[in-house]
Amino acid sequence: MAGMIRLEIVTPTRSVVNEDVQIVVAPGTLGEFGVLAGHTPFLTTLKLGTVRYTDAKGTERAVFVNGGFAEALPDKVTVLAESAERRRDIDLERAKSALERAQRRLAMEKKKEEVDYTRARAALERAMHRLKVASTRRQ
Amino acid sequence: MATLKDVKMKIGAVKKTKQITKAMNMVAASRLRGAQTTMESFRPYATKFAEVLGSLAERSGEEVSPLLVERDEVKKIHVVLCTSDRGLCGGFNTNLITKAEAFLKGKTGLEFSFTNFGKKGRAWCRKKGKTIADDYIGVVGGRFEFNTALKAGRKLISGFLDGNYDEVWIIYSEFVSVARQTPVLAKLLPIPPLEKAGKDAEDKSRPYMAEHICEPSSAELLNDMLPRNVYVQIYRSLLETSTSEHAARMAAMDNATKACNDMIGSLTLAYNKARQAAITAELMDIVGGAEALKG
């Protein structure tokens with residue numbers, strides 16, 4: 001078995017994940033990348049998406065991250081995100097209603113101001129990603 | 001000499017005040033704990049952030065972001081003033097406002113505008129007829145998320161880039177300890193020269209900081225991180241100010257409760273003296289009357 005690597009996901013309000021894992025797959029701005037123990041030092045920005053990792057027991061886990069950046073070192077991966085939620089912590093109801101709200105607003109705002117449009121777009125994307133992560137939840 | 005009844009009523013009033021100040025003290029104490037925990041949980045993020053930013057700044061070299069460039073002519077200054085929404089926290093707000101006044105003093109011919117976090121600072125700006133660009137009420141001292149700092153930061157950065165402001169400063173209260181909070185003035189934009197990593201002896205124990213592969217390039221990464229640095233700073237300032245407010249209120253209310261106790265003590269003494277004087281006077285009357293009857 002390959003060596004373990006420490007994964008830390010922190011947001012300004014709390015530390016979401018801090019444990020030894022086997023592999024981390026994260027959504028970099030220039031493409032998804034995987035990190036195993038002994039990775040060369042690497043720094044990248046992240047886009048909205050899912051950080052997936054396999055924990056010490058071999059269970060696949062997923063964490064929703066909202067942008068930010070990641071630093072990979074031979075023995076450690078640090079993800080700094082503006083917000084992050086473990087799959088099981090995602091509030092399905094909230095995400096669903098956010099999705100609907102964003103869709104409604106998008107339909108309305110299309111002709112109006114650019115700013116609101118981009119904001120609604122971003123909200124829509126966030127909601128969709130949350131739902132996508134949550135949908136892989138084991139029942 | 002105050003009558004017995006007056007003194008008794010006064011004692012009652014002071015006791016009620018004491019109940020209030022004591023309750024406020026306890027509320028502030030529990031909020032202070034909450035605020036300190038939030039500050040603690042932000043620390044890992046802030047530390048890591050500064051570390052990465054420092055190592056990037058070191059390597060990105062010549063390419064400069066507009067957020068770093070000092071303007072040749074500084075005319076329009078924007079101040080972010082963090083105060084509390086509510087009073088009864090001792091000299092807390094006064095200290096912050098004095099800091100702002102000291103900053104403005106002697107700078108004639110410059111245009112000033114303000115972003116206010118907290119009602120007290122806003123009230124001061126209104127009274128002095130300052131331009132208020134933005135105000136956020138219910139943030140300091142309450143629960144707020146990183147998002148608040150993010151939104152405020154975005155506005156400030158776009159204002160700076162559009163040339164509405166030549167410099168942006170922030171005034172907040174630093175939480176030194178429960179007993180001490182100091183007002184601090186810091187420059188937000190243009191971002192002051194970044195501390196480069198690798199200068200401290202501490203960093204020498206971490207040889208792997210040397211070279212990262214960066215994706216996209218380190219300059220682009222830096223450009224992405226600089227605005228975030230502003231948000232992080234604002235968020236930290238808000239956290240510090242909130243924590244300071246609770247600490248200041250706790251201290252102020254503790255003092256008030258002590259003052260109440262002193263007052264109750266001296267009033268009770270006065271009450272007892274007055275009561276004793278009345279009894280003595282009455283006794284004198286009776287004795288005098290009895291003497292008169294005897295004769």
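This dialogue reads a few features of a predicted model.

Colleague: What should I know before reading the model?
Modeller: It is predicted, so local features need pLDDT of at least 70 and side-chain atom pairs count only at pLDDT 80 or more, while totals for chains, interfaces and linings use all residues. Residues are numbered from 1 along each chain as its sequence is written, and chains are lettered from A in the order in which they are written.

Colleague: How many residues does each chain bring to the contact?
Modeller: Two residues are in contact if their C-beta atoms, placed from the backbone, lie within 7 Å. Here 19 residues come from chain B and 21 residues from chain A. Helix 1 of chain B gives the most to the side of chain B that touches chain A, with seven residues. Helices (H or I, at least four residues) and strands (E, at least two) are DSSP runs, numbered from the N terminus.

Colleague: Which strands pair, and in what sense?
Modeller: Strands pair if DSSP finds at least two bridges between them. Strand 4 (residues 42-45) of chain A and strand 6 of chain B pair in the parallel sense over three bridges. Thr44(A) has Glu215(B) as its bridge partner in strand 6 of chain B.

Colleague: Is Asp55(A) buried or exposed?
Modeller: A residue is buried if 20 or more other C-beta atoms lie within 10 Å of its own, exposed if 12 or fewer, and partly exposed in between. Asp55(A) has 16 C-beta neighbours inside 10 Å, so it counts as partly exposed. Asp55(A) lies in strand 5 (residues 49-55) of chain A. Not counting residues up to four places away in sequence, Asp55(A) touches Glu19(A), Val21(A) and Arg61(A).
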